[in-house]
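Me: I'm new to this one. Can we go through it together, with short answers please?
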Amino acid sequence: CSSDLYARVKAEDSMWTLEDGNTVVIHLVKINQMEWWKTVIVGDLEINLQKVAPENSKLDDLDGETRQTVEKMMHDQRQKAMGLPTSEEQKKQDILKKFMAAHPEMDFSKAKIC
């Protein structure tokens, strides 16, 4: 019997093991880690993702790289909510300011800056 998975997985990081001689444990690593699956196999019973309550986690529980990413995302969300530039937008603005300061001979008055 051949069935399709709900979404793509990283085959090289996914695996299966046999536990207690009769239980197959399958570990799938999703390509899109941010996506919640409503089913594992297409055509199987689906869950209502609106009723799923994600477990609250503390930033302290996360590894360094993940924590840094989450903190950046939270910062960017706050910035957007206040109508301020995100980290990337601020970085671009800073680079542009440095360039403009380094080239006072150039006229940027009519430049369209996006």
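Reply: First, a term you will need. A residue is called buried when its relative accessible area is under 20%, exposed when it is over 50%, and partly exposed in between. Also, keep in mind that this is a predicted model.

Me: Predicted, okay. What is the mean pLDDT of the chain?
Reply: The mean is 87. Of the residues, 95% reach 70 or more.

Me: And which elements have the lowest and highest mean pLDDT?
Reply: Helix α1 has the lowest, at 87. Strand β2 has the highest, at 94.

Me: Let's do rings. How many aromatic pairs does a search of the whole structure find?
Reply: Two. In one of them, Y6 pairs with W37. The centres are 6.1 Å apart and the planes meet at 55°, so the pair counts as tilted, as that angle is neither under 30 degrees nor over 60.

Me: Where do Y6 and W37 sit in the chain?
Reply: In distant parts of it. Y6 comes in the segment before β1, which spans 15-19. W37 is in the loop between β2 (23-27) and α1 (64-81). The two are 31 residues apart.

Me: Is W37 buried or exposed?
Reply: W37 is buried. Its relative accessible area is 13%, and that falls under the 20% cut-off.

Me: What about Y6, then: how does it count at its relative accessibility?
Reply: Y6 counts as partly exposed, at 28%. So this pair joins a partly exposed ring to a buried residue.

Me: And the other pair, which residues form it?
Reply: F99 and F108. Here the centres are 6.1 Å apart, with 80° between the planes. That makes the pair edge-to-face, because the angle is over 60 degrees. F99 is partly exposed, at 38% relative accessibility.

Me: New topic, charges. How many salt bridges does the search find?
Reply: Four. One of them joins the side chains of K38 and E46, at 3.8 Å from N to O. K38 is partly exposed, with 30% relative accessible area. E46 is partly exposed too, at 45%.

Me: What does E71 form a salt bridge with?
Reply: With R67. The closest N and O atoms are 3.0 Å apart. Both residues lie in helix α1, four residues apart, about one turn of the helix. E71 is partly exposed at 34%, and R67 is partly exposed at 30%.

Me: And D76, which residue is its partner?
Reply: K72, with the closest N and O atoms 3.3 Å apart. This pair also lies in helix α1, with a spacing of four residues, about one turn.

Me: How do D76 and K72 count for accessibility?
Reply: D76 counts as buried, because its 13% is under 20%. K72 counts as partly exposed, at 37%.

Me: What does T86 touch, leaving out residues up to four places away in sequence?
Reply: D76, Q79 and K80. So T86 touches the same D76 that bridges to K72. T86 is placed in the loop between α1 and α2, and α2 covers 87-102. T86 is buried, at 9% relative accessibility.

Me: Now the surface. Which residues form the nonpolar patch?
Reply: L5, W16, L18, V24, I26, L28 and V40. Together they have about 680 Å² of accessible area. The elements that give two or more residues to the patch are β1 and β2. V24, for one, is found in strand β2.

Me: Last one, D20. Where does D20 lie?
Reply: In the loop between β1 and β2. D20 is exposed, at 73% relative accessible area. Its phi is near 55°, a positive value in a residue other than glycine.

Me: How many residues apart are D20 and L96 in sequence, and what is the distance in space?
Reply: They are 76 residues apart in sequence. In space the distance is 62 Å, C-alpha to C-alpha.

Notes:
Residues are numbered from 1 along each chain as its sequence is written. Side-chain values use heavy atoms; hydrogens and water are left out. Rings of Phe, Tyr and Trp (its six-membered ring) pair if their centres lie within 6.5 Å; planes under 30 degrees apart count as stacked, over 60 as edge-to-face and the rest as tilted. Buried means under 20% relative accessible area, exposed over 50%, partly exposed in between (1.4 Å probe, protein chains only). Contact means heavy atoms within 4.5 Å. pLDDT is the predictor's confidence in each residue, from 0 to 100. Patches are made of residues with over 30% relative accessible area and no salt bridge: like charges are joined within 9 Å, nonpolar side chains (Val, Leu, Ile, Met, Phe, Trp, Tyr) within 5 Å. Accessible areas come from the Shrake-Rupley method with a 1.4 Å probe; for residues, only the protein chains shown count as cover.
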